[in-house]
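Subject: Structure handover

Hello,

Here is the structure I promised to pass on to you. Please open it alongside this email, and then read my notes below.

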Amino acid sequence: MTLDIQSMEALAHYTRGGVTIFFVFSCFLLRKYEKRSYMLKLLYFSSLLIAVCYAKDVLFAFTSIKYSTHLNNISGILDMVYIPVISAFFLEVVRPGAVSMRQTWASVAFLASFALIYVFLPFKAIELIASCVAFAISAITLVYVTVFAVRYRKMLYENYSYTENVDVVWVMLSCYAYFGSFVLYELMFQNAVWLSEVIFNISGMVLWTIVFKFAQRHRVLKMLFLNNGSPADDTMGEEAAEEEFETEQGDTDETGLTETEADMRKQERYKYIESRIPLLMEQEKLFLMSKLTIMDLATKIGTNKTYLSEYLNSNLNMSFHDFVNKYRVEEACRIIDALPKDSKRTIIDISNKSGFNSISSFYRQFTKFKGINPRKYLFEKMTKAEENE
């Protein structure tokens, strides 16, 4: 039994050393990416703080320090100082600009101050308060990440025809997994100290690798949520550009109109949009643009994205994302149906020719609208062609 405990302790120390090297290496990797966006800068500082937290524990290799409850408690408080930074990272992905760097470092300094207080006032209450603050930050982050992510995804489907490298599902899952791991660690710590240490270190490296990979590919869409709850891109004056565009198209202020007159005005806009869509989508095949946005289509139609979005939601009961991808799926079916029986065209080729941004999106959308995946659809088509000969 003693040997088993010693072996597990040794393994825990090895994994702790491994995870320290892992985060130091992550800092070097993230250093060249951190200038790309504020999101990656926060991820870099998170990695840096975690590396420092692990590196400081080398001091506990000395026997005189290892069994000091006072120093262990101070170390435990310092281990929480990076939580505001990783929280800011998660929030930045789902709501760019939600937390400033000043606010983030102020939170870090606030948490670190508990360690300084504990040096002079080594009361259990100080450690408990610090833990409660860290837990509160984590819990609030989970709530806000969930709320912002839902809003973000709604905006995404209302304004973009693609989700590759811009969707934020990975952020929610990573956030839940990251903070959930701390809860599990605390529960496991009550019964299996070294085993929990090993599992926590290994799972931490795996999770961080996943986060790093997704963050590296993620494209930040800087969005503002207007007072009425509708989203808009945080580009150079898009909202103002829309207002200007409306004026150019002859849209007038509807203030003072009766409800009937306003409704008639709206129906006229809808009829105009409806008359333009077949030309652009069926004849010009605008949907073949893999990164088509609602602003692109609205500009081609001669309206603005607010009116177009209202039309799609009210008259077609569809988001812009589904509206465009339905055309793409129909185009894919047309391509497949026109293929000769000896065709060597691949699913990837068909996906690209249909305007899809990725093969995974093609499979997902095709199955959604046709109830069958494209590979099976192609196989059945080829089988019928052979039977008819």
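What follows is a short tour, from the overall fold to a few local features.

Please keep in mind that this is a predicted model. The protein chain has 389 residues, and 43% of them are buried. Its secondary structure consists of 17 helices and two strands. Looking at contacts with a separation of 6 or more, 71% are between residues 24 or more positions apart. The accessible surface of the chain is about 21,200 Å², with 61% of that belonging to carbon and sulfur atoms.

Salt bridges

The structure holds 14 salt bridges. I would start at Arg-16, whose side chain meets that of Asp-57 in a salt bridge, at 2.5 Å from N to O. This pair links distant parts of the chain: Arg-16 belongs to helix α1 (residues 2-31), while Asp-57 sits in the loop between α2 (38-56) and α3 (63-66), and the two are 41 residues apart. Arg-16 also forms a salt bridge with the side chain of Glu-197, at 2.4 Å from N to O. Here, too, distant parts of the chain are linked, since Glu-197 lies in helix α9 (residues 193-217), 181 residues away from Arg-16 in helix α1.

Are these three residues buried or exposed? Asp-57 has a relative accessibility of 15%, so it counts as buried. Glu-197 counts as buried as well, because its relative accessibility is 8%. Arg-16, at 22%, counts as partly exposed; the cut-off for buried is under 20%.

Which residues make up the network around Arg-16? Arg-16, Lys-56, Asp-57, Asp-79 and Glu-197 are linked by salt bridges into a network.

Another salt bridge to look at joins the side chains of Arg-345 and Asp-349, with 2.8 Å from N to O. Arg-345 is partly exposed, with a relative accessible area of 33%, and Asp-349 is partly exposed too, with a value of 25%.

Cysteines

How many disulfides does a search of the whole structure find? The search comes back with zero. As a reminder, a disulfide is a covalent bond between the sulfur atoms of two cysteines. You may still want to look at Cys-53, which is buried with a relative accessible area of 7%, and at Cys-175, which counts as buried at 0% relative accessibility.

A nonpolar patch on the surface

Leu-116, Ile-117, Val-119, Phe-120, Leu-121 and Phe-123 make a nonpolar surface patch of about 590 Å². Leu-116, one of these residues, is found in helix α6 (residues 101-120). Leu-116 counts as exposed, because its relative accessibility is 54% and the cut-off for exposed is over 50%.

Helix α12

Helix α12 covers residues 294-301, and its buried residues are Ile-294, Leu-297, Ala-298 and Ile-301. Viewed down the axis of α12, the buried residues fall within an arc of 100°, so they line one face of the helix. Just after α12 comes Gly-302, which takes a positive phi of about 105°.

If you have time for one view, I would suggest Arg-16 with its two salt-bridge partners described above, Asp-57 and Glu-197.

Best wishes

Notes: Residues numbered from 1 in each chain as written. Predicted model: local features only at pLDDT ≥ 70, side-chain atom pairs only at ≥ 80, totals over all residues. Heavy atoms only, no water. Helix = DSSP H or I, 4+ residues; strand = E, 2+ residues; numbered from the N terminus. Buried < 20%, exposed > 50% of the residue type's maximum accessible area, 1.4 Å probe, protein only. Contact = heavy atoms within 4.5 Å. Areas by Shrake-Rupley, 256 points an atom, 1.4 Å probe, with all protein chains shown as cover. Patch = residues over 30% accessible without salt bridge, like charges linked within 9 Å, V, L, I, M, F, W, Y side chains within 5 Å. Salt bridge = Lys/Arg side-chain N within 4 Å of Asp/Glu carboxyl O. Disulfide = S-S within 2.5 Å. Arc of directions from axis to C-beta.
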